[in-house]
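Me: Please take a close look at one strand and what surrounds it. Keep it brisk, and follow the contacts outward from there.

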Amino acid sequence: MLTRNLLQSDILSVRRSVSISGTGKSGRWSWRRTHVGPSLRSRVTGKHHQIAIRAVISGGDNSKIVEGGGGAKGVLEIQPNKEDLSVRVSSSGKGEGGIDVRAVITIRKKMKEKLTDKIEDQWESFITGIGQGILIQLISEDIDPVTKSGKSVESYVRGWLPKPSNHPHIVEYAANFTVPCDFGLPGAILVTNFHGKEIHLMEIVIRGFSEGPLFFPADTWIHSQNDSPDHRIIFKNQAYLPSQTPPGIKDLRREDLLSIRGNGKGERKPHERIYDYAPYNDLGKPDKGEELARPVLGSKEWPYPRRCRTGRPPSKSDPLCESRIEKPHPVYVPRDETFEEIKQNTFAAGRLKALLHNLIPSIAASLSSSDISFNCFSEIDKLYNDGFILKDEDQKQVSDNRFVAKLMNQVLTVGERLFKYEIPAIIQKDRFAWLRDNEFARQTLAGVNPVNIELLKVFPIISKLDPKVYGLPESAITKELLEEELNGMSIEEAIASKRLFILDYHDMLLPFMDKMNSLPGRKAYASRTIFFYNRTGFLRPVVIELSLPPTPSAPQNKRVFTHGHDATTHWVWKQAKAHVCSNDAGIHQLVNHWLRTHASMEPYIIATHRQLSSIHPIYKLLHPHMRYTLEINALARQSLINGGGIIEACFSPGKYAMELSSAGYKSMWRFDMEALPADLIRRGMAVEDPSVPHGVKLVIEDYPYAADGLLIWSAIKELVESYVDHFYSEPNSVASDVELQAWWDEIKNMGHYDKRNEPWWPKLNTKEDLSGILTIMIWIASGQHAAINFGQYPFGGYVPNRPTLMRKLIPKEDDPAYEKFLINPQLTFLSSLPTQLQATKVMAVQDTLSTHSPDEEYLGKEHHLQRHWTNDQEILRMFDRFSAKLEEIEETINKRNKNNRLKNRCGAGIPPYELLLPSSGPGVTGRGIPNSISI
């Protein structure tokens, strides 16, 4: 048979089938023509092509091998001008006898199909049925002594009608083979798709070998030959370290990696699976004007993780910026990274709310009159009870536009009402919880952003910013002022007994204040908030400092607030808390959520595909934790974090949002500190203690995020350590794994290029090193993202609880606005919050981001597509134990939420802390840990 080079050449589809009666039960000989590739052309002599072939005669369930005759044994002479026939090319091997095997190919069809798609499917089923649609070639794990590559045998997929499966959108086809007795076991399958469009291959199962059925999991899109002549390589569900790869598939392992590893050149096409790196140079629209230009993130000035490269041409006005592609056109991600149909539908339904005003200018214009402040709290309540209302003339304007009307029908709820939201969890049981100081403090431990509170270790508080630029470094919070709030305790005593905590956004935000406050409708401060943990176990805020950059008239431009007891002080305190919540919402979204999970995870995914073979055990371990992340990140760059996008429109930093995210990466991001125990210790929220189960003891026992997070972290760590130990049993096996070392090197030096020289990067020499790195990655993709994402609507859906921006500074006594504040403090407060239009926009985004898709894959739950991901029974038992452990954790968390002693998760009107419960149903549930960052 031919070497593998032939399979990389064009294989011509034939519209003719030749039948010969009188042979076998069915009397059919099946032949196919194979285009002569470069390796064959070198063997052409005289007027004839001499090709060593083996034809398989299909006769029901029985098959025979027929050797071609000719001038020499095993050679069939084909006249170039004769009738088109097709031949089955096979490996050189002994012709006596063979093993009959059958491959069952499972393909998933589209759920929603137009009439033309259905007709096309029928045609493709016919083409497949007659054996002209899909060619598969089995590659043995053993070497062919003639070709010096894996032994091979091939067959077209055939069968007039696909075998129906239990799933209505899944069909099965079969291909029959006869393999030589000395073929060995197949380790890979080459798939070539001759259809006019791509197919989604779920898996191939080979039956007939004495070892039992062999599974080749795929869950991949196979491109059409019209798009690329290359075949696709599908490996068996057996994991191999590079040094353990069977000789017959070693070359294929290398070939598969090279086929998806980009080289920084060329514009990517939708069918491709190319993974490569690029900076964030696609956020701005410089061709639309300077107002929409944005700096490139991923430079010395603005460091940032790298994203997946698309190769689009540069913009006309700035060659460093990539030209943008706008909806509805998709941003390139490698083909298998795109959403499946269920996910697409879920995301699209939610996105209609969030992006309606960007998508449909006529609607935005019709609602522009609603872009006003809330005048009273009942107007906010109406968002949940009634929704917005379109005026009659606006309704007519909508219905006149058929495209817009169709979209509107998908989001209209009752009559003419446009936006109607579920009541957020934070006010579901207690409408006034958000007003209380203890709830404000509780959310730093059990809210959507529980990762910024720190132990106050030193007093006075000193800024690290340049005093020449930002004024005196000392905080305006004095010892005397603070001790008035400590119930007779001295500061020294409070610090020694670990009772003072701080939420400090001063140094992060102060350099941005002048820029942010120059934006229309934006007024913000850099904030510090000090909390006191009293003897009864309650955390409460005692002092808030709000700062602006110094000016000649105000070199110490800082204001300090305490809660007080009179009405005026109470309302001023409420406004100060709102400014802190606004800062917290911005840092949460831009640093803790986007940067530390979405953006940081992307390089790990790119490197995993580029450097780890799909049969590498670490690839198999990480694969579920990479699902959909590149696609959701691409969609975010297209319409969420882009210049003029939702984040800029609705959060305080405005057009400087991603610069702030970059500043967070520069000043605080480090890989080793993304481990949950390390982060808790860094913030002073825990201390090392080998005697306790997780190795750390919490300073505040009732810290729901940390307490539940450590359960999840430890379960992941235990699984990873067992998994790594199973595959890396030999000394130096980690250090000698060439793929693994290239993977880690690429993450540091390409994926996080701007941090490549940092000394804190972990080494990768031992099993312990590898387990630590992998546990961090899986934690970030699963537990950490769940904890800071799926509570966005439950906590942020009520605007006064977490305003995403503030539009007014707090009036001073000598300000003209102070008199209006005294007359109507409620109106002053509400007019400082986002406008009605800004509120509904961000609520829609939060609603979408907090929604679980029906096809979500949760931590510890085996998805039907992964049931054959490995044939290693010990590994399967490890995952069974992991799943059982997560079920125990769920029971533990539920018990904690009913424990009256734990006041931060149990009490009158207090929502239970469920963000780290592993399981969930679809929708906005405020619970559930997906395997990956998929929204």
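**Strand S10 and its surroundings**

Reply: Ile189 has Ile234, in S13, as its bridge partner. The model is predicted, so each distance and area here is computed from it. That bridge belongs to a pairing between S10 and strand S13, residues 232–235. The two strands are antiparallel, and 4 bridges link them.

S10 also pairs with S6, residues 134–143. Here 7 bridges join the strands, and they too run antiparallel. In this pairing, Asn193 of S10 sits opposite Ile134. S10 thus has S13 as one partner and S6 as another.

How many residues of S10, which spans 186–193, are buried? The count is 8 of 8, so the strand is mostly covered. A general point helps when reading the sheet: along a regular strand, side chains alternate between its two faces.

Now move to S6, the strand that holds Ser140. Is Ser140 buried or exposed? It is buried: its relative accessible area is 0%, and buried means under 20%.

The side chain of Ser140 has two backbone atoms to note. One of its polar atoms lies 2.8 Å from the backbone nitrogen of Asp142. A polar side-chain atom of Ser140 also lies 2.5 Å from the backbone oxygen of Phe183. Phe183 appears again in the list of residues that Ser140 touches, which leaves out those up to four places away in sequence. Gly184, Leu185, Pro186 and Gly187 are on that list as well. Pro186 and Gly187 fall within S10, residues 186–193. The other contacts of Ser140 are Gly150, Lys151, Gly248 and Ile249.

For contrast, take a second serine, in a helix. Ser662 lies in H21, residues 657–668. It is buried, at 1% relative accessible area. Beyond four places in sequence, Ser662 is in contact with Leu297, Trp302, Pro303 and Tyr304. Pro305 is 357 residues away from Ser662 in sequence. In space, their C-alpha atoms are 9.1 Å apart.

Last, the cysteines. The structure holds 0 disulfides. A disulfide, in general, is a covalent bond between the sulfur atoms of two cysteines. Cys376 is partly exposed, because its relative accessibility is 24%. Cys650 is buried, because its relative accessible area is 1%.

In short, S10 is a covered strand with 8 of its 8 residues buried. S6 joins it through 7 bridges, and S13 through 4. In S6, Ser140 is buried and touches Pro186 and Gly187, among others.

Conventions:
Residues are numbered from 1 along each chain as its sequence is written. This is a predicted model: local features need pLDDT of at least 70, side-chain atom pairs count only at pLDDT 80 or more; totals for chains, interfaces and linings use all residues. Side-chain values use heavy atoms; hydrogens and water are left out. A disulfide is a pair of cysteine sulfur atoms within 2.5 Å. Buried means under 20% relative accessible area, exposed over 50%, partly exposed in between (1.4 Å probe, protein chains only). Two strands pair if DSSP finds at least two bridges between them. A polar contact is a pair of N or O atoms within 3.5 Å; within protein, one must be able to donate a hydrogen and the other to accept it, and residues adjacent in sequence count only if both atoms are side-chain atoms. Contact means heavy atoms within 4.5 Å.
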